[in-house]
Amino acid sequence: MKKRILPLIIVALTLALTGCAKEKQCKCTTTDVPDDGLLKVLVVDGGMKCSDITEMAIEEKVQDENGNYTLRRTEVHKVTCRDYAE
């Protein structure tokens with residue numbers, strides 16, 4: 001019985017540890033308009049690089065005449081981002 005349970009426990013622990021990716025913070029500055037001086041920080045998972053982020057926007061939830069909800073992007077800006085810890 002112990003020979004069957006031990007490999008299952010090891011597999012479960014391995015999956016649990018690899019599934020928990022660390023989050024990191026990216027500090028961004030606008031490049032298409034003068035920077036307003038406000039700190040812009042995005043929290044992304046460990047699998048994404050801060051340098052891959054090129055655009056930042058605010059999304060608003062709006063309702064159309066049929067009662068359906070959609071997202072509308074406002075204040076779309078080009079940005080450059082780096083790791084906040086650097």
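Which side chain meets that of Lys78 in a salt bridge? In this predicted model, the partner is Glu55, and the N to O distance of the pair is 3.3 Å. Because Lys78 belongs to strand β4 and Glu55 to strand β3, the contact ties together parts that are 23 residues apart in sequence. Both ends of this salt bridge can be described by their accessibility. Lys78 is partly exposed, with a relative accessible area of 44%, and Glu55 is likewise partly exposed, at 38%.

The two strands that carry this pair are also joined through their backbones. Strand β3 covers residues 55–63 and strand β4 covers residues 69–83, and they pair in the antiparallel sense over eight bridges. Within this arrangement, Lys61 stands opposite Leu71 of β4. The strands form a hairpin with five residues between them, and in this hairpin Gly67 takes a positive phi near 90°.

The contact between Lys78 and Glu55 is a salt bridge, and the structure holds five salt bridges. Others among them centre on Lys40. The side chain of Lys40 meets that of Asp36 in a salt bridge with an N to O distance of 2.7 Å. Lys40 also forms a salt bridge with Asp35, where the closest N and O atoms are 3.1 Å apart. Asp35, Asp36 and Lys40 are thus linked in a network of salt bridges.

How do the accessibilities of Asp35 and Lys40 stand in this network? Asp35 has a relative accessible area of 41% and is partly exposed. Lys40 has a relative accessible area of 14%; because buried means under 20%, Lys40 counts as buried. The salt bridge between Asp35 and Lys40 therefore joins a partly exposed residue to a buried one.

Attention now turns to the neighbouring residue in the sequence, Leu39. Leu39 is found in the loop between β1, which covers residues 23–30, and β2, which covers residues 40–45. With a relative accessibility of 53%, Leu39 counts as exposed, because the cut-off for that class is over 50%. Leu39 contributes to a nonpolar surface patch, which it makes together with Val41 and Tyr84. The area of this patch is about 260 Å².

Taken together, two settings for charged side chains have been described. In one, Lys78 in strand β4 and Glu55 in strand β3 are tied together; in the other, Asp35, Asp36 and Lys40 form a network of salt bridges. The nonpolar patch of Leu39, Val41 and Tyr84 completes the picture.

Technical notes: Residues are numbered from 1 along each chain as its sequence is written. This is a predicted model: local features need pLDDT of at least 70, side-chain atom pairs count only at pLDDT 80 or more; totals for chains, interfaces and linings use all residues. Side-chain values use heavy atoms; hydrogens and water are left out. Patches are made of residues with over 30% relative accessible area and no salt bridge: like charges are joined within 9 Å, nonpolar side chains (Val, Leu, Ile, Met, Phe, Trp, Tyr) within 5 Å. Accessible areas come from the Shrake-Rupley method with a 1.4 Å probe; for residues, only the protein chains shown count as cover. A salt bridge is a side-chain nitrogen of Lys or Arg within 4 Å of a carboxyl oxygen of Asp or Glu. Helices (H or I, at least four residues) and strands (E, at least two) are DSSP runs, numbered from the N terminus. Buried means under 20% relative accessible area, exposed over 50%, partly exposed in between (1.4 Å probe, protein chains only). Two strands pair if DSSP finds at least two bridges between them.
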